[in-house]
Amino acid sequence: MLRAGLCPGLTQDVVQPLRGRGIRTVVDLVSADLEEVAQKCGLSYKALVALRRVLLAQFSAFPFNGADLYEELKTSTAILSTGIGSLDKLLDAGLYTGEVTEIVGGPGSGKTQVCLCVAANVAYSLQQKVLYIDSNGGLTASRILQLLQARTPDEEEQAGALQRIQVVHAFDIFQMLDVLQDLRGAVAQQVSDSSGIVKVVFVDSVTAVVSPLLGGQQREGLALMIQLAQELKTLARDLGVAVVVTNHMIRDRDSGKLKPALGRSWSFVPSTRIVVALSEGAGTPCSQRTVCLTKSSRLPTGVQEMVDIGTWATPELNPVLQEDQIGPCC
């Protein structure tokens, strides 16, 4: 709305005649024929042109070209190794900050174990802070400690890594939204005081808090799911955090095939999706899993890798922070 003092040169003597001709907003003025406006309102044409330039500079979006956006992406994105070579290969070197990565699998497929291995690696090898939101109630410190003990016998190093992993329990969507909103404020404060910043957020699992709200007469369920999706994407994008969520598999009512839960609306949330399944075959170690890339903006999908989730193998490269079963993957 045009008003006196909105920008230099926009005085009450200018605003009144403009309003008398039906020009009440910034959009009205910048889209009008200024010669005609100047004649009808008795105002200076040059003054109106200068006024429009000021308003455009003050209220228009500043244009960026593709090269500028790419340079911004390179400087703001970090790649965090998972500590599992075959998994890093599927993820194009690791977890990307600014993105949501989804791990999908049936019961007992190893989704939580994958998250724990990655969390332990980020906390110990990369020495970055991690937030683990547990909505299943199955996470214990002893599971993470076992992974750390396999990497280092030094108890001080183990304790240091454990201190970098913060665990929060959220057993319904409202608790989870509160945790994420609190985290946004906390991360902003951490940025301002230059203390340690959370680099990875795990949500294990998103299905546990969303599924009870979907279906039936609970119409608010979809809206709450979309709100949760927006919180996760905003956290990742605006605060430079890598977000990892786990999701269950369900059986399609028409085809009978297994598919990720939460439907089509949720499928647009993750930038990358991998499916974890039990490996078949005689003599296959019980900790071996088949992991398939089913969604990616960088790599071709349908690629599979064998991942051992029972051991946290030593990375091939230095741990540097870089800026029910399913069938064949489809």
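Start in the loop that joins helix 7 (111-124) to strand 4 (129-134): Gln-127 lies there. This is a predicted model, and in it Gln-127 has a positive phi of about 55°, although Gln-127 is not a glycine. Most residues other than glycine have a negative phi. Is Gln-127 buried or exposed? With a relative accessible area of 54%, Gln-127 counts as exposed, because the cut-off for that word is over 50%.

Now for another residue with a positive phi. Leu-262 has a phi of about 80° and is not a glycine either. Leu-262 sits in the loop that runs between strand 9 (258-260) and helix 13 (263-267). Leu-262 is buried, because its relative accessible area is 10% and buried means under 20%.

Gly-240 also takes a positive phi, of about 65°, and you'll find Gly-240 just after helix 12. Here are the phi values together:

| Residue | Phi |
|---|---|
| Gln-127 | about 55° |
| Leu-262 | about 80° |
| Gly-240 | about 65° |

Helix 12 itself covers residues 220-239, which makes 20 residues. How far apart should its ends be, at 1.5 Å a residue? The expected span is 28 Å, and the end C-alpha atoms are 28 Å apart, so the two agree. Quite a list of residues in helix 12 is buried: Gly-221, Leu-224, Met-225, Leu-228, Ala-229, Glu-231, Leu-232, Thr-234, Leu-235 and Ala-236. Note that Glu-231 and Thr-234 are on that list along with the leucines.

Next, a look at the backbone around Ser-205. The peptide bond from Asp-204 to Ser-205 is cis, and its omega is near 5°. Most peptide bonds are trans. Ser-205 is found in the loop between strand 6 (198-204) and helix 11 (206-210).

Finally, a helix pair. Helix 3 (residues 34-41) and helix 4 (residues 45-59) have axes that come within 9 Å and cross at roughly 130°. Which word fits that angle, and why? The two helices are oblique to each other, because roughly 130° falls outside the 65 to 115 range for roughly perpendicular and is not over 145, the cut-off for roughly antiparallel. The crossing of helix 3 past helix 4 is right-handed.

As for who touches whom, helix 3 brings Leu-34, Glu-35, Val-37 and Ala-38 to the contact, and these meet Tyr-45, Leu-48, Val-49 and Arg-52 of helix 4. Sorted by class, that contact has 6 nonpolar and 2 charged residues, with no polar ones.

Notes: Residues numbered from 1 in each chain as written. Predicted model: local features only at pLDDT ≥ 70, side-chain atom pairs only at ≥ 80, totals over all residues. Heavy atoms only, no water. Axes fitted to C-alpha atoms, helices over the stretch in contact; angles between N-to-C directions. Helix = DSSP H or I, 4+ residues; strand = E, 2+ residues; numbered from the N terminus. Parallel < 35°, antiparallel > 145°, perpendicular 65-115°, else oblique. Left-handed = near helix turned anticlockwise from the far one by under 90°. Contact = heavy atoms within 4.5 Å. Nonpolar A, V, L, I, M, F, W, Y, C, P; charged D, E, K, R; others polar. Expected span 1.5 Å × (residues − 1). Buried < 20%, exposed > 50% of the residue type's maximum accessible area, 1.4 Å probe, protein only.
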